[in-house]
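Visitor: I would like a guided look at this protein. Could we take it site by site?

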Amino acid sequence: MVETKAMVLREFNKPLVLEEVEEPKYGSGEVLIKVEAAGVCGTDLKIQQGMVPTKELPLIPGHEVAGVVAATGAKVGRFREGDEVLVSFYIPCNNCRSCINGRQTICENLKGRIGFEFNGGFAEYVSVPEECLVLKPKEISFQQAAVIPDALATCYHALVKRAKVKKGDCIVIIGGGGGLGLHALQIARWLGAKVIGVDLSEEKLKLMRAYGAELVLDGQSAWSEAVYDYTRRGADHVVAFVYNEQSLEQGLKALCKGGQLVPVAYSPEYTFNALQAHLYEIDLLSTRAATKKDIEDCLSLVIQNKVETVIGEVLKMEALNQGLQLIKNGNLKGRLVIDVE
Ligand SMILES: [Zn+2]
Ligand SMILES: [Zn+2]
């Protein structure tokens, strides 16, 4: 048995444990990836807390993976040993009505997700179906690549595929200074929208300005009034990367008639003022992760320097628990990436 290292979640609400585990098996249609970098997100914190459906524990989380193909199954045709790749972590059927309509993250026969129902990338090795792989060009680093499948592509999916933000639109980004928000902000600018950023610290307001927000507002204030003063009619879209009642209430009030509320952050207890939504005919628009096509589109945006990946911190695999704490504290200035040696 070949042993390799991984961070294993054995019990909810307990730190993950660095363990020697058996090298992952891979089927005929799968590849074995030597992980080089893995992004960490708020969802990993939710997984640790048992708030997100996953396979039975133990689980190796980590769904934002970049690495090198180390071995291939007998039926793998498009990738070979040594290829540098990033991973689209949803494993759809590519055959159902959702998949045919390009909405693979709501696949009716979803086989699972890397890092949720299948072991993920907080490990030296992970096995992944060939159809989940995207070739990584040499000009971007593994750390940059690890930011693309979720921190960047989730924003792309929300703004481009779901909200259909267009040139001249005004968009408010709640939590715009965070690991997803700074990417959403850049995508909105690339689409030609005017961006109003909402966040909590002076540092995050500064960051949002640096990435192109026209107006930045303190999330603790009654900021919807400032949006109205600035736009004179309200915003076309409010995209929320944080969930709390106060920001949702402000977000709803900041919208124009016929505007769109896009909660990227979610909670089972989601309450909002349905009267206000009714009076303004607000569209409440949900969004789920990113498809492989979204990830490929984002990769080309990064290569063309239209959008840059924002890395807030890089830690070694054994420091993952400290990393999750950083996410919990909300002080990261970009995506947290685990550098796997
Ligand atoms: Zn994630
Ligand atoms: Zn499907």
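The questions and answers below cover the metal sites, the core, the sheet and some backbone details.

Visitor: Is this structure predicted or experimental, and which?
Guide: Every value here is computed from the atoms of a model. That model is predicted.

Visitor: Which residues coordinate the zinc ion (ligand 1)?
Guide: The donor distances run from 1.8 to 2.2 Å. The donor atoms are SG, NE2, OE and OD. They belong to C41, H63, E64 and D150.

Visitor: What arrangement do the four donor atoms around the zinc ion (ligand 1) make?
Guide: Look at the angles at the metal. They span 103 to 127°. Four donors count as tetrahedral if all angles lie between 85 and 135 degrees. The range fits, so the arrangement around ligand 1 is tetrahedral.

Visitor: What spacing do the donors of the zinc ion (ligand 1) follow along the chain, and how many residues apart are C41 and H63?
Guide: The spacing is C-x21-H-E-x85-D. C41 sits in the loop between β3 (30-40) and α1 (42-48), and H63 in the loop between α1 and β4 (64-72). The pair thus links distant parts of the chain, with a separation of 22 residues.

Visitor: Are C41 and H63 buried or exposed?
Guide: Burial here means under 20% relative accessible area. Both C41 and H63 meet that cut-off. They are buried.

Visitor: Which residues are the protein donors of the zinc ion (ligand 2)?
Guide: Each donor atom is an SG, lying 2.3 to 2.4 Å from the ion. Along the chain the donors follow C-x2-C-x2-C-x7-C. Two of them, C93 and C99, are buried. The full set is C93, C96, C99 and C107.

Visitor: What arrangement do the four donor atoms around the zinc ion (ligand 2) make?
Guide: The angles at ligand 2 run from 100 to 120°. That lies inside the 85 to 135 degrees allowed for four tetrahedral donors. The arrangement is therefore tetrahedral.

Visitor: Which element gives the most residues to the largest nonpolar core?
Guide: This core holds 50 residues. Elements that each supply at least two include β4, β10 (170-174), α4 (181-190) and α9 (292-303). One element gives twelve residues, the most to this core: α3.

Visitor: Where does this core lie with respect to domain 1 and domain 2?
Guide: Domain 1 covers 3-152 + 289-339, and domain 2 covers 164-284. Both give residues to the core. So the core lies between them.

Visitor: What is the relative accessible area of L159?
Guide: L159 is found in helix α3. It is among the core residues that touch the most other members. L159 is buried, and its relative accessible area is 0%.

Visitor: Which strands stand at the edges of the open sheet of six strands?
Guide: The order is β12-β11-β10-β13-β14-β15, with parallel pairing. An edge strand here has a single partner, so one of its sides is left without a neighbour in the sheet. The two edge strands are β12 (215-218) and β15 (283-284).

Visitor: What hand does the β-α-β crossover from β10 to β11 have?
Guide: β10 and β11 pair in the parallel sense over five bridges. I173 stands opposite G197 in β11. The chain crosses through α4. This crossover is right-handed.

Visitor: In β12, which residue is the bridge partner of D199?
Guide: Strand β11 (residues 194-199) is joined to β12 by four bridges. The two strands run parallel. The bridge partner of D199 is D218.

Visitor: Where is P58, and what is omega for the cis peptide bond that joins L57 and P58?
Guide: Most peptide bonds are trans. This one is cis. P58 has its place in the loop between α1 and β4. Omega is about 5°.

Visitor: N94 and E281 have a positive phi; is E281 buried or exposed?
Guide: Neither N94, with phi about 60°, nor E281, with phi about 45°, is a glycine. N94 is partly exposed, at 42% relative accessible area. E281 lies in the loop between α8 (274-279) and β15. With a relative accessible area of 64%, E281 is exposed.

Conventions: Residues are numbered from 1 along each chain as its sequence is written. Chains are lettered from A and ligands numbered from 1 in the order in which they are written. This is a predicted model: local features need pLDDT of at least 70, side-chain atom pairs count only at pLDDT 80 or more; totals for chains, interfaces and linings use all residues. Side-chain values use heavy atoms; hydrogens and water are left out. Donors are N, O and S atoms within 2.8 Å of the metal (3.2 Å for Na, K and Ca); water is not among the atoms, so sites may look incomplete. Four donors count as tetrahedral if all angles lie between 85 and 135 degrees; four count as square planar and six as octahedral if opposite donors are over 155 degrees apart and all others between 65 and 115; anything else is irregular. Buried means under 20% relative accessible area, exposed over 50%, partly exposed in between (1.4 Å probe, protein chains only). A nonpolar core is a set of buried Ala, Val, Leu, Ile, Met, Phe, Trp, Tyr and Cys residues joined through side-chain atoms within 4.5 Å. Domain bounds come from an automatic or database domain assignment. Two strands pair if DSSP finds at least two bridges between them. A crossover is right-handed if, with the strands pointing away from the viewer, the path from the first strand over the helix to the second runs clockwise.
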